[in-house]
Every structure is written in C-alpha cells, then in structure tokens.
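This report describes selected sites in one protein model. Please read it alongside the sequence and the coordinates.

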Amino acid sequence: MGELSTLFAPQRVAVVGASEEAGTVGHAVTSNLLADFGGETVAVNPNREQVLGLDCHDSVTAVEDVDVAVVAVPAAIAVTVLQECASAGIDNVVVITAGFSESGSEGSAREAELVEIAETHGINLVGPNSLGVLSTGVGMNATFGPRMATPGTISFMSQSGAFITAVLDWAADRDLGFRDIVSLGNKAVLDESNFIKEWGEDPETDVILGYLEDVADGREFVETARDVSRETPIVVVKSGRTEAGASAAASHTGAIAGSDKAYEAGLEQAGVLRVDSVQELFDFASILDGQPLPETDGVAIVTNAGGPGVMTTDAVGDTHLELAEFEADTLDQLAEALPDGANIYNPIDVIGDADTERFAEAIELALADPSVGMVVVLACPTATLSFEDLAAETVRLQRANETPIAASLMGGSDTEAAAGTLREVGIPTYFDPARAVRSLAALSEYATIRTTEVSEPEEFDVEYERARELLTAAADRGRTQLGVESMELLDAYGIPTPAGSVVDSPGDAERVASEIGGEVVMKIVSPDISHKSDIGGVEVGVPQTAVRDTYEDLVVRARNYNPDSSIIGVQIQEMVDLDAGTETIVGVSRDPQFGPLVMFGLGGIFVEVMEDTAFRVAPVSERAAGEMLDEIKSAPLLAGARGREPANRQALVETIGRISQLVVDFPAITELDINPVVAGPDGALAVDLRLTLDRDKL
Ligand code: ADP
Ligand code: MG
C-alpha cells in the first residue's frame, strides 16, 4: 500500500475539538468513531474532562502514537493545532474546520500557513473544509456525516462534502459498498492525484470514483491517472460542464477552447471515464466492479418483448457498441430452440409466452456466439415467466462464461428478489434498458483503456536556442502579439513553411517577389491586426507587375481600419496550392489546471463558425495526434474525399507533435494559432502564424 495507508488504516485516531454537545462537528465525529472504529479513539479538548465517556486530553502533544488527527476546532486556532500535531509527529491530519481559502483573503492566508506547516513536516493533510475521511476496512467513520458506509470495494473522493452524505444515504439500500471515502475539501495539500495513486496501490479498491469541481494539477493528474487506470477503473463526474468559454481570447484556439475542453481532453488522456450524472457514476461503478470486461463490442439482446427490444436496439445505436451479427450455426440452433414467431436475429425475441427454460436457452446460445461480447437480458413480466428462476439461470450461465451481462427487468416490486439474486454475482439490473446498454458501453470503454498502450511523446530534434533568441528579441522590442514576421520560429522547430519574408518598402517587396517568382501572396503585418483577411489585408495570386501597387493598397487598408495601427511591413509569400490540400488549424491555448492544450481542426477563415476541432493536453504523443486527425468531423476530407489525394497524415501528426514540443519548451507562448496549416498529399505547410507572448515567462 501507498504513503497514505495509515490515513485509511489507523490504530489510533485523535479528535481535536471533541465535544459532548450534540449537533456540533466535534460531537458528530467522536460519536461516529465510537460507533464503529476498530481502533482507539482519543478525545482532545482542553476545556473538558470527558467527552462521550472518553478521558479528554489538553493537547495532541499529550497523546502517544496518534496515526490520524481529526481537527474540528474554530478556524482561529486551527493553525496552532496543526503545529501541535506536527510537534507530536502525527503523519495524517484531517482538517474539518472551515473558514479558509473558501472564505476570503484572511482565510486564504490561514490556509497558506497550514500548507507551510504540512509541507515542512511532511504531513498528509486532508482539507481544510472537509467532511472527513472514512474507511470501512477498520470501521473508521471520521466524518461528521450521519451514517457509516457499507463495506465494499469502491473508493470514493468528493470535492463536495454534502454530496458524500447524500451518496451514502442513497447507496444504503442499493447494495453499494465502499472501501475508503474522502472529502477533499479545499485540497490545500492532498488532492485527487494523491488519492488516485493511493487507491491504485490498494488491493482492496476495485473502482475509484470521484466528484470533482476542478483538478488541482492537470499534468500530474493525467500522469497519475493514466498509470492507475490501466489496473483500476476511474470514473469521474466533473461538474461545471457548461461553463462559458474564454471569450476574450486573442486567438481562434483560445476562443474555442473553454476550460471544459481541457477537462474533456485531460480526463480522456488520463484514461478516466467521465460521466454526466450521479446515476451514471454508480451505474458504471457497479458494472465495473461486478462484471468481466468484454472481448468484443457486439451486444446480444435477449428479450420476451418486442417493443422494449427495439428501445434497447436504439440505445445500442447511441453508443459505440454494435448489435452482434450471429453466426449461421447460432441462428440454426436458435431456430431449433425457439417456436415459430420468435425472432432468431438480434434482438432475439423469445416471445411473450416464453418460460424460463426457453429464455435461458436463448441466452446460452447468444453467449456461445463468438461475435457476442456482451448480453442484455431484457424481461417483461408475464404469466409464464418467473423472474426469480430467470435470475437464477442467468447467474448460472454467467458463472459458466466470461461474458459480461446486464439485465433490465421491466417491472416494479415483483422484480426485487430477482434483482437481488443477480446483484449477488455482480449483474446489474435496471428498469430502463438504456442504462444497461450505457453501462455495458462503459465496460467496453474501460476494456479499451486497459489494452491501449501508453505512448510517450516523441522528442524532435529542434533548434531550441534559435527559437529562444527569436522570442527574446521580440519581447525586447516590447511585442506581445507576434504574427507572420515570426515565421522563423516555426522553421527553428522544423515545421515547414512556404518561402517568404517580411519587407517594409515597395522596392523590397518587388525584389523578394521576383526571387520567389510567379504569382505571390501578400499580407499586411501588424501586431494590431489579428485576422488580416478581415480587413482586406491578404492578397492571393498577386502577379509580379502588381506587387508595388498591392504593397501600397495593403498599407492604406490597414490605415483605414485603424489609423494608429503600427505597421511592421508586408509579407511576401510563395503561393500554396490550396486546391490540392485542406486548410487545417493547429493551435494552442493554456488552461490554468492542465497547462498547454493543443487543438487540431478544420482551418481557414471560418474556424470559429465550424468549430470542428479536437483537443489534447500537451505533450501530445504520436498516437494522440493521430487520434486528433480522426476525431474531427471533417476527417473524410483529409482522407481524400471527392477524388482528391489524401493528405499526408504523417506530416500533420509531426506538425502537431512539434508544436506541442514548442509550447512545452516555452511557457511564455500563452496562445498560438497556425491557421492554416495546408495539408496536402506531399506534406503540411504552415502558412500563417499568430501567437501571444508573456515576456515574464521567458
Ligand atoms: P489571416 O488568417 O490573418 O486572415 P492568412 O495568412 O491565414 O491570414 O490568410 C488568409 C487566407 O488566405 C488563408 O486562410 C488562405 O486561404 C489564404 N492564403 C494565405 N496565404 C496563402 C498562400 N501562401 N497560398 C495560398 N493561399 C494563402
Ligand atoms: Mg490565418
């Protein structure tokens, strides 16, 4: 077990602020511990002789060998108490006391003191502002919630204490058992990553659940969870899904990437199953806990009712699962086993007069078919069918097979005994068959997480120093918004760009254009103009003879748009054949929790209208970059729709990887857009550039 093992398996727990007075936190924690804790509970309160029959100590320093101190004292003295815990050499402290960073600047200052003490003494501090911790392994309920959890194998962390009490209440009559529960509180020291790591190492934890409002350190979370999720499934409800995006962003990427995109990408890269509702959180937990993982994504539905069978089929269509197509042999055997009028194709309809024997035979045949990875047993009450017998048969069949089963018994109290039988072997039952299907889909998703190899990002050979000099030079000139005048940066990181350079006179424009030859592209270059074509600042297909006039026109347009705009000059660029390629965008924004977030999508001037994008937290591995290409809706365009040659995948994947490396190397790049990256059969060319520089981070 990990570093936090004594937090969840203590022998002696001290309640600092233990109280005799009902309704207080100090009273609730003490009596909860006295009710079930297998170890020793110690009361600390200088103002009392005794609490709930325990002799009271003046200070934790007066007690030997305390494994966990639970602090329920007024905020004003919490820091002093923590200092005493440190002096007493206590490793684990749960600060229930509120009135810290959640309540203004004075509280934040107090919290900083807690952190400092905890870090100096290496204390595992939970909270502050926590409901407490609970572990059924030792019967420890060190919370001020109203009830103990039923023992089981789910470990659960929550950023909301109230949510824990609600869940415990709700779980009590649902056979959901818990191993450890922690109320994270303000996460001043220990956060979700610490607990994921701990439970990943705990052999008694089969499923990790989380209710999170934010993630303290996105990078660490992704790395920790990615390792743990290969052994132990992690399911998270992340609240705040609909939070509005960052609207004031200077780049396209910033405008599209709300913080939820970072979570979505981060949780996925971490191998975490994200759910929308509490119901799904526990539906997924139950099935992950109770059922084996599927070997294929084919679902067989066995039912005695046509209508619900269709509903279930629709539900399969809403997931990534598919209806299994039975082999000829299976169909023959089904035809033999079932009466006329039954449907032997998926969904198998054993029809309304089926008895348990017929129903079970169909399930058995479905389980034996190699295309079937999962089975939904879907039953409606009839006079000929006994739910209890069907449950017993299903249990028998499941024991004989390694195929996951979910059941939908569509009835009320009549189904309870059967549901209980099924649950005993971990087969979940639902009234709504769609829930059974979604749970199976989660099981399959987790099977993929387990078997997908973790791919490390590639280290490209780049000219780091040259890039640093370019950025420093721009920052020294006071620039924070860089554009195509900084295309050399891309060159330093090995990202191909069309020939071109920025000039500041019509004469130089002609000279450069003639070096490039043929028709050229001309673009106004100004830190005050972010989307050049919006103001007529891009001319494509300019013949050599028109270069001089076009130069003047572009400058006039920029002045008309904003007389004060500072104009660096005009870029003369080689023409890129857009007909042979697709305009894509590679961009970066920064998320306060997850750090650099790389975006890939359909590019051009309508990116924000289309919003056809995929996100990953950097560093982006080759595999992840490949997934990004496949994830966007326009993926068929890249694969060569309408007789065009397919875009060069490898070139795009490499561009994404190199940009990822650039922004990891330079935290000073706070936002970046390369729009477009023209992706053609021969390669990917970065045609435009825009980035925001934070000089303090250089
Ligand atoms: P902005 O995004 O600031 O308007 P861009 O440099 O991206 O400026 O140019 C706008 C559009 O002009 C591009 O999306 C592309 O369609 C076209 N374009 C830009 N540069 C070239 C080029 N070198 N060859 C062909 N088309 C180009
Ligand atoms: Mg552009």
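What follows covers the ligand site, the metal site and two further residues.

**Ligand 1**

The model is a predicted one. Ligand 1 is surrounded by 17 residues, and the closest are Lys-523, Lys-532, Ser-533, Glu-583 and Asp-688. By class, this shell consists of 7 nonpolar, 5 polar and 5 charged residues. Three strands, β23 (520–525), β25 (569–574) and β29, each contribute at least two residues to the shell.

Polar contacts with ligand 1 are listed here.

| Residue | Protein atom | Atom of ligand 1 | Distance |
|---|---|---|---|
| Ser-533 | side-chain N or O | oxygen | 2.4 Å |
| Gln-573 | polar side-chain atom | nitrogen | 2.9 Å |
| Asn-675 | backbone N or O | oxygen | 3.0 Å |

Taken alone, ligand 1 exposes 540 Å², and the protein buries 92% of that area.

**Magnesium ion**

Which protein atoms serve as donors to the magnesium ion (ligand 2)? They are the O atom of Asn-675 and an OD atom of Asp-688, at 2.1 to 2.2 Å from the ion. The two donors are 13 residues apart in the chain. Asn-675 belongs to strand β29 (residues 669–679), while Asp-688 sits in the loop between β30 (684–686) and β31 (690–693). Both Asn-675 and Asp-688 are buried. These two residues also appear at ligand 1: Asp-688 is among the closest residues of its shell, and Asn-675 places a backbone N or O atom 3.0 Å from one of its oxygen atoms.

**Leu-685**

Leu-685 is part of strand β30. Is this residue buried, partly exposed or exposed? Leu-685 counts as partly exposed because its relative accessibility is 27%, which lies between the limits of 20% and 50%. Beyond its neighbours within four places in sequence, Leu-685 is in contact with Pro-496, Thr-497, Pro-498, Val-576, Pro-676, Val-677 and Val-678. Leu-52 is 633 residues away from Leu-685 along the chain, and the C-alpha atoms of the two are separated by 75 Å.

**Thr-136**

Thr-136 is located in the loop between β8 (132–135) and β9 (140–143). Thr-136 has a relative accessible area of 14%, so it is classed as buried; the limit for that class is under 20%. Not counting residues up to four places away in sequence, Thr-136 touches Met-148, Ala-149, Thr-150, Pro-151, Gly-152, Phe-178 and Arg-179.

Terms used:
Residues numbered from 1 in each chain as written. Chains lettered and ligands numbered in written order. Predicted model: local features only at pLDDT ≥ 70, side-chain atom pairs only at ≥ 80, totals over all residues. Heavy atoms only, no water. Donors = N, O, S within 2.8 Å, 3.2 Å for Na, K, Ca; no water. Helix = DSSP H or I, 4+ residues; strand = E, 2+ residues; numbered from the N terminus. Buried < 20%, exposed > 50% of the residue type's maximum accessible area, 1.4 Å probe, protein only. Contact = heavy atoms within 4.5 Å. Near = heavy atom within 4 Å. Polar contact = N/O pair within 3.5 Å; in protein donor to acceptor, adjacent residues only side chain to side chain. Areas by Shrake-Rupley, 256 points an atom, 1.4 Å probe, with all protein chains shown as cover. Nonpolar A, V, L, I, M, F, W, Y, C, P; charged D, E, K, R; others polar.
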